[in-house]
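Reader: I would like to go through this protein fold piece by piece. Please keep the answers short.

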Amino acid sequence: MVEGRWFAQEDDLTQPLAIRRAVFGRGRDALDALARQVVVYGGGVPVGTARLWWADGAFWMGDVGVLSAERGKGYGDLLVRLVLYKAVSHAAAYVYLDCPRSLEPFFARYGFAPTEEAQSDTLTLRVSADTMNGCAHCGHAAP
């Protein structure tokens, strides 16, 4: 069985932090005080995580990561869908994401597009709630 679980700021973040350390090589940071974390489980075992936070008048998604042995099984897709659905359910107009240029095609499937021409290997991507409406990728149906 595959399932997801959200963690609030005050919850025990042991599971999302363990996955973040394994995938990105870093643990707790200042954003953990602002963000909601989501963990996806495959067969009861935590396999991926992502987080969503509000900053500077916008929702941001970050640290979408799946353990290397579990990649290619759809867990990353589920993480993105869970984060987008949570943002839309909280009236997000846009969701932003900073990611390596190499991951742009993955996030483009959900409607993310660069906000401007990047001058480095990191892009800022944005998707609007209008783009998410009715999209099979995020599970949000248009009104």
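Author: The questions below go from the sheet to a helix, the core and a few single residues.

Author: This is a predicted model, where local features need pLDDT of at least 70, side-chain atom pairs count only at pLDDT 80 or more, and totals for chains, interfaces and linings use all residues. Residues are numbered from 1 along each chain as its sequence is written, and side-chain values use heavy atoms, with hydrogens and water left out.

Reader: In what order do the seven strands of the open sheet lie?
Author: Strands here are DSSP runs of E, at least two residues long, and helices are runs of H or I, at least four, both numbered from the N terminus. Two strands pair if DSSP finds at least two bridges between them. The pairing in this open sheet is mixed, and the order is 1-2-3-4-5-7-6.

Reader: Which strands stand at the edges, and why is one side of each left without a neighbour in the sheet?
Author: An edge strand here has a single partner strand, so one side has no neighbour in the sheet. That is the case for strand 1 (2-7) and strand 6 (113-114).

Reader: What is the bridge partner of G4 in strand 2?
Author: Strand 1 pairs with strand 2 (residues 36-42) over six bridges. The sense is antiparallel. In strand 2, G4 has as its bridge partner V40.

Reader: Which residue is the bridge partner of P114 in strand 7?
Author: Strand 6 and strand 7 are antiparallel, with two bridges. Strand 7 also runs antiparallel to strand 5, joined by seven bridges. There, D98 has T124 as its bridge partner in strand 7. For P114, the partner in strand 7 is L125.

Reader: At about what angle does helix 1 run to strand 3?
Author: Axes are lines fitted to C-alpha atoms, for helices over the stretch in contact, and angles run from 0 to 180 degrees between N-to-C directions. Helix 1 (residues 14-24) lies across strand 1, strand 2, strand 3 and strand 4 (58-66). Its angle to strand 3 is about 95°.

Reader: Why are the buried residues of helix 1 on the same side, and what arc do they cover?
Author: Buried means under 20% relative accessible area, exposed over 50%, and partly exposed in between (1.4 Å probe, protein chains only). P16, L17, I19 and R20 are the buried residues in helix 1. They sit on the same side because their arc, taken from the directions from the helix axis to the C-beta atoms, is only 160°.

Reader: Which exposed residues does the face turned away from the buried side of helix 1 carry?
Author: The cover over the buried residues includes strand 1, strand 2, strand 3 and strand 4. The face turned away from them carries T14 and A22.

Reader: Is T49 buried or exposed?
Author: T49 is in strand 3 (residues 45-55). Contact means heavy atoms within 4.5 Å, and T49 touches residues including P16, I19 and R20. Its side chain also reaches the backbone oxygen of V38 at 2.8 Å. With 3% relative accessibility, T49 is buried.

Reader: Which element gives the most to the largest nonpolar core?
Author: A nonpolar core is a set of buried Ala, Val, Leu, Ile, Met, Phe, Trp, Tyr and Cys residues joined through side-chain atoms within 4.5 Å. The largest one has 26 residues, and M61, V95, F107 and F112 touch the most other members. Elements that each supply at least two residues include strand 4, strand 5 (94-100) and strand 7 (122-128). The most, six residues, comes from helix 2.

Reader: Which side chain makes a polar contact with the side chain of D32?
Author: D32 is in the loop between helix 1 and strand 2. At 2% relative accessibility, D32 is buried. A polar contact is a pair of N or O atoms within 3.5 Å; within protein, one must be able to donate a hydrogen and the other to accept it, and residues adjacent in sequence count only if both atoms are side-chain atoms. At 2.8 Å, the partner of D32 is Q37.

Reader: Is A33 buried or exposed?
Author: A33 is found in the loop between helix 1 and strand 2. A33 and Q9 are 24 residues apart in sequence, yet 5.6 Å apart in space, C-alpha to C-alpha. The relative accessibility of A33 is 58%, so A33 counts as exposed.

Definitions and conventions:
Lists of a residue's contacts leave out its neighbours within four places in sequence.
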